[in-house]
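Please look over the structure below before reading on. The report takes selected residues, the sheets and the ligand site in turn.

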Amino acid sequence: MNMKRIAVITAGGDAPGMNAAIRSVVRTALFNGLEVMGVERGYTGLIEGKMRSLDIRSVSGIINRGGTMLRTARCEEIKTNQGIQKAARTLRTHKIDGFVVIGGDGSFRGASELYEVSHVPVIGVPATIDNDVFGTDTTIGFDTAVNTALFTIDRIRDTATSHERVFIVEVMGRKRGFLALAVGFAEGAEFILVPEIKFNLASICRKIKLGRKNGKTSEIVVMAESAGDSSLIAEQIRKRTEYDVRLTVLGHALRGGPPTAQSRILANQFGALAVHFLLEGAEKSMIGIRGQEIVRADLDDSWTRKKDLDMQIYRLAEILSF
Ligand code: F6P
């Protein structure tokens, strides 16, 4: 098929580096003689037919900005057959020959179902702070979120040590613990709580007490939001240890801010390759990175298969923190 016009969308939760990815898609496409349309407000906008033409200057000055210039939304309608039909109609109306979806596993599920109805070739560009997409070691925005969390927890550590407190720090991660594990490992947290691994509060409290006997003055517990009720956990640790315990929920602060070099570089590479895959005739794929290599991955695997948490890192984190 002779590719003339492509569309790009950001969908689901935003992630730092999405803007850099949009810029890369737009400029690579224009460089190769394609027209580019930007879908506004994620799948909600696609269903409503909201698209605008993107030229070379429309993506100026965004490589360093968090969020997404195209906006995004949590869209329930795209999960229905009716929503998919409407979205497919928008692609047809605007004569879209190829579609680049920047988002996470939920967005790729929508992309895949849309392909089945519209037959417009679709390429997924993984961007989520959760890093829970199968087929890629890492996602755009993950490194930024890890660094944003570290920036704050380094400061929490100072006050934790001064006051000899236990701090529970909750990070995002709706279903998975990739973010909590990376943050906890890089922070040297005493405990990392993730939904993938059962933990025992009694044993955590015993270890906290033992640590204090051995000269520790404070503890950082990094937990994924999906690992349990953080205020309940804080309360139980307080009761069992009788130490001063505080809870900080980092939440949406982790989704914003300027992307790190790693998130930008990944976005530049993923965005450009997405366009090249379309030009080469790929029908339904995802871009991924495995080791140092940028690869073409299976789009359906990305949301149907479960990526493993790195247990070696988890165990090493445990060893190094005591
Ligand atoms: O999917 C990314 C994510 O940031 C999750 O970690 C979090 O649970 C969720 O989005 C929050 O979504 P919302 O911004 O819709 O509240």
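## A buried threonine in α2

T44 counts as buried because its relative accessibility is 18%, and the cut-off for buried is under 20%. The model is predicted, so this value is computed from predicted coordinates. T44 belongs to helix α2, which spans residues 42-48.

What does T44 touch, leaving aside residues up to four places away in sequence? The contacts are A73, R74 and C75. One of these, R74, is also among the residues that surround the ligand.

## The ligand site

Eight names make up the surroundings of the ligand: R74, D130, M172, G173, R174, E225, H252 and R255. Three of them have listed distances to ligand oxygen atoms. The side chain of D130 places an N or O atom 2.6 Å from a ligand oxygen. R255 has a polar side-chain atom 2.9 Å from an oxygen atom of the ligand. For G173 it is the backbone that takes part: an N or O atom there lies 3.1 Å from a ligand oxygen.

How much of the ligand does the protein cover? On its own, the ligand has 400 Å² of accessible area, and the protein covers 78% of that.

## The seven-strand sheet

One open sheet holds seven strands, in the order β3-β2-β1-β4-β5-β10-β11. Its pairing is mixed. The edges are β3 (51-53) and β11 (293-298), and each pairs on one side only. From one strand to the next, the twist averages 25 degrees.

Several pairings can be traced strand by strand. β1 (residues 5-10) runs parallel to β2 (residues 35-39), with four bridges between them. One bridge there matches R5 with E35. β1 also pairs with β4, again in the parallel sense, over five bridges. In that pairing, I6 has G98 of β4 as its bridge partner. β4 and β5 run parallel too, joined by five bridges. F99 has V122 as its partner in β5.

## The enclosed strand β4

Is β4 buried or exposed? Six of its six residues are buried, so the strand is largely enclosed by the rest of the structure. The cover is on both faces. G98, V100 and I102 are buried on one side. F99, V101 and G103 are buried on the other. Two of these residues have already appeared as bridge partners: G98 pairs with I6, and F99 pairs with V122.

A helix lies across this part of the sheet. α4 (residues 105-118) crosses β4 (98-103), β5 (122-126) and β10 (284-290). Relative to β4, α4 runs at about 165 degrees.

## The four-strand sheet

A second open sheet has four strands, ordered β7-β8-β6-β9, with parallel pairing. β7 (191-193) and β9 (245-249) stand at its edges. Each has a single partner strand, so one side of each has no neighbour in the sheet. The twist averages 20 degrees from one strand to the next.

β7 and β8 (residues 219-224) run parallel and share three bridges. F191 has V221 as its bridge partner in β8.

## A buried serine in α8

S230 sits in helix α8, residues 230-241. Its relative accessible area is 7%, so it is buried, given the cut-off of under 20%. Which residue shares a side-chain polar contact of 2.6 Å with S230? The partner is E170.

Leaving out residues up to four places away in sequence, S230 touches E170, M223, L247 and V249. M223 falls within β8, residues 219-224. L247 and V249 fall within β9, residues 245-249.

## Two loop residues with positive phi

Which angle stands out at R71? Its phi is near 65 degrees, a positive value in a residue other than glycine. R71 lies in the loop between β3 and α3 (81-93). With a relative accessible area of 58%, R71 is exposed, because exposed means over 50%.

H119 also has a positive phi, about 60 degrees, although it is not a glycine. Its place is the loop between α4 and β5. H119 counts as exposed at 52% relative accessibility. That loop joins two elements already described: α4 lies across β5 as well as β4 and β10.

Terms used: Residues are numbered from 1 along each chain as its sequence is written. This is a predicted model: local features need pLDDT of at least 70, side-chain atom pairs count only at pLDDT 80 or more; totals for chains, interfaces and linings use all residues. Side-chain values use heavy atoms; hydrogens and water are left out. Two strands pair if DSSP finds at least two bridges between them. Axes are lines fitted to C-alpha atoms, for helices over the stretch in contact, and angles run from 0 to 180 degrees between N-to-C directions. Contact means heavy atoms within 4.5 Å. A residue is near a molecule or strand if one of its heavy atoms lies within 4 Å of it. A polar contact is a pair of N or O atoms within 3.5 Å; within protein, one must be able to donate a hydrogen and the other to accept it, and residues adjacent in sequence count only if both atoms are side-chain atoms. Accessible areas come from the Shrake-Rupley method with a 1.4 Å probe; for residues, only the protein chains shown count as cover. Buried means under 20% relative accessible area, exposed over 50%, partly exposed in between (1.4 Å probe, protein chains only).
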